[in-house]
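Thanks for coming, everyone. Let me put the structure on the screen, and then we will walk through it.

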Amino acid sequence: MRAWKTAVFGSGFMGRVHMEAIRRLGDVEVVAVATSKGGGGHKLAAQFSVDRVETDYRKILDDPSIEAVHICTPNAQHFPVAQEALAAGKHVVCEKPLATTVEEARVLVAGAAKAERRNCLNHNLRNYPAVQQMRQLREAGELGEILVVQGTYSQDWLLYDTDYNWRVETGEGGASRCMADIGSHFFDMAEHVTGGRVTSLCADLNTFHKTRKRPKGIVETFAGKLANPDEYDEVAISTEDYGGVIFRMGNGARGAMTASQVSAGRKNRLSIEIYGSKSSVAWDQEKPDELWMGNRNSNNQILIKDPSLLLPGARTYADLPGGHSEGYDDTFKQMFRRFYGSLDSEGAVDYPQFRDGLRQLTILQAELDSAKTRAWVDVPAPEGGNT
């Protein structure tokens with residue numbers, strides 16, 4: 001069996017998640033890890049029996065035996081690393097956001113096309129079986145005309161001013177945090193499931209903690225709230241803790257959503273509700289195996305994930321039988337399986353690509369412009385389509 005050789009750039013939370021998912025594929029081998037000089041790459045590599053660790057990722061790009069790379073670095077590094085990886089002839093999986101500006105994203109989309117390399121943007125949350133079931137129900141006409149799309153993505157891991165992560169820093173994460181980090185997941189899912197495209201929006205963004213206490217040691221994503229550092233640096237923060245958006249979709253639908261990283265008790269709640277002229281569906285990431293279906297003239301239903309009862313297009317996203325939960329880590333496995341399966345195929349792909357990352361940055365820029373001007377802003381149509 002052919003084994004693809006890949007490398008993971010970044011040894012933090014996302015690097016570990018990627019490593020664990022790749023290991024589950026069976027036909028892909030991680031042969032190198034790139035890490036910062038102060039990072040935990042050596043420890044991570046040892047845990048996964050990877051012998052090679054480099055502090056200069058370019059040494060990995062220069063290795064012709066390595067065919068693909070996973071970019072799990074802070075956001076500001078996505079653009080230069082992805083650009084160099086494509087130039088080196090590598091297939092690329094990149095964490096979201098694809099870049100920190102629309103202009104950079106356009107360069108990467110064009111670069112991937114020119115290099116003729118497969119490219120994947122890790123909007124992994126599409127890959128829950130229940131989410132794919134919603135999409136299949138819409139495509140089958142079961143929902144009718146989409147009228148309303150609404151929901152939230154709420155977390156609490158940055159609730160206190162002592163909670164800290166590189167994502168709060170503009171230099172590392174970009175101009176936006178909450179909407180770029182989790183709001184983009186909502187909009188990617190809304191467009192993917194409904195088939196509609198956001199055409200205009202009005203956004204309100206807010207930073208509740210104008211300053212935060214940065215610990216003088218390294219704090220990994222989601223681990224900061226467990227720490228109790230004795231010494232801090234007080235730093236000014238400009239990235240938002242909260243965003244609220246009302247929007248219009250091209251098929252006449254209307255929508256509203258919020259994203260928050262300061263919602264006490266909400267650990268990772270992406271909740272989406274889609275209301276059609278025939279019936280409705282709702283899904284909550286904190287209860288990933290349940291899909292609610294709403295009806296006007298008959299009883300509502302709660303469907304529990306069971307591959308044998310899913311529509312054919314959604315069934316391949318569920319590997320375990322009914323009653324066996326499939327969660328966050330499984331969404332990565334499903335995406336990477338499809339990505340590596342496409343490397344030696346000329347057929348269509350069924351995973352989000354760089355153009356989808358460009359799409360989300362286009363929506364994000366409209367949100368930033370709207371919040372600044374306190375006005376409705378039009379969202380340009382997708383460039384090159386999206387999936």
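**The second largest pocket and what surrounds it**

The lining of the second largest pocket divides into six nonpolar residues, no polar ones and five charged ones. Keep in mind that this is a predicted model. The volume of this pocket is about 220 Å³.

Who lines it? Going along the chain, we have Arg-269, Glu-273, Tyr-275, Ala-282, Trp-283, Asp-284, Lys-287, Glu-290, Leu-291, Trp-292 and Ile-302. Which strands supply at least two residues each? Strand 13, residues 269-276, strand 14, residues 279-284, and strand 15, residues 290-295.

Now look at how those strands pair. Strand 14 and strand 15 are antiparallel, with five bridges between them. Two lining residues face each other there: Trp-283 has Leu-291 of strand 15 as its bridge partner, and both are in the pocket lining. The link from strand 14 to strand 15 is a hairpin of five residues.

One strand further on, the pattern continues. Strand 15 pairs with strand 16 in the antiparallel sense, over four bridges. Here Trp-292 stands opposite Ile-302 in strand 16. Those two also line the pocket. A hairpin of five residues joins strand 15 to strand 16.

**The nine-stranded sheet**

Zoom out. These strands belong to an open sheet of nine strands, in the order 16-15-14-13-7-12-11-8-17, with mixed pairing. Strand 16, at 301-304, and strand 17, at 377-378, are the edges; each has a single partner strand, so one side of each has no neighbour in the sheet.

Move along to strands 11 and 12. Strand 11, residues 242-249, pairs with strand 12, residues 254-260, in the antiparallel sense over seven bridges. Two pairs to click on: Val-245 stands opposite Met-257, and Phe-247 stands opposite Gly-255. The hairpin between these strands has four residues, and Gly-252 takes a positive phi near 95 degrees in it.

On to strand 8. Strand 8 and strand 11 run antiparallel and are joined by eight bridges. Ser-200 stands opposite Arg-248 in strand 11.

A general reminder while we are on strands. In a regular strand, side chains alternate between the two faces of the sheet.

What lies across this part of the sheet? Helix 11, residues 354-373, lies across strand 8 (198-206), strand 11 and strand 17. The helix runs at about 55 degrees to strand 8.

**Cavities**

Helix 11 brings us to enclosed space. A probe the size of a water molecule, rolled over the atoms, shows where empty space is left. How many cavities of 30 Å³ or more does a search of the whole structure find? Two.

The largest cavity holds about 110 Å³ of space. Its lining has 16 residues, and those nearest the centre are Pro-97, Ala-180, Ser-184, Gln-360 and Leu-361. Helix 8, at 178-194, and helix 11 are the elements that give two or more residues to this lining. Helix 11 provides the largest share, six residues. By class, the lining of the largest cavity has nine nonpolar, five polar and two charged residues. Recall that the lining of the second largest pocket has no polar residues.

**The six-stranded sheet**

There is another open sheet, with six strands in the order 3-2-1-4-5-6 and parallel pairing. Strand 3, at 52-54, and strand 6, at 119-121, are the edge strands, and each pairs on one side only. From one strand to the next, the twist averages 20 degrees.

Take one pair from the edge. Strand 5, residues 91-94, pairs with strand 6 in the parallel sense over three bridges. Cys-94 has Leu-121 of strand 6 as its bridge partner.

**A helix crossing**

Last stop. Helix 1, residues 13-23, and helix 10, residues 328-341, have axes that come within 9 Å and cross at roughly 65 degrees. The crossing is right-handed. Helix 1 makes the contact with Phe-13, Met-14, Val-17, His-18, Ala-21 and Ile-22. Helix 10 answers with Tyr-328, Phe-332, Lys-333 and Phe-336. What classes do these residues fall into? Eight are nonpolar, one is polar and one is charged.

That is the tour. Over to you.

How values were computed: Residues are numbered from 1 along each chain as its sequence is written. This is a predicted model: local features need pLDDT of at least 70, side-chain atom pairs count only at pLDDT 80 or more; totals for chains, interfaces and linings use all residues. Side-chain values use heavy atoms; hydrogens and water are left out. Axes are lines fitted to C-alpha atoms, for helices over the stretch in contact, and angles run from 0 to 180 degrees between N-to-C directions. A crossing is left-handed if the near helix is turned anticlockwise from the far one by less than a right angle, and right-handed if clockwise. Contact means heavy atoms within 4.5 Å. Ala, Val, Leu, Ile, Met, Phe, Trp, Tyr, Cys and Pro count as nonpolar, Asp, Glu, Lys and Arg as charged, and the others, Gly among them, as polar. On a 1 Å grid over the protein atoms alone, a cavity is a set of points where a 1.4 Å probe fits but cannot get out, and a pocket is an open set with protein on both sides within 12 Å along at least five of seven lines; lining residues have an atom within 4 Å of a point. Grid points are joined across faces, edges and corners, and a volume is the space filled by probe spheres set on the points. Two strands pair if DSSP finds at least two bridges between them.
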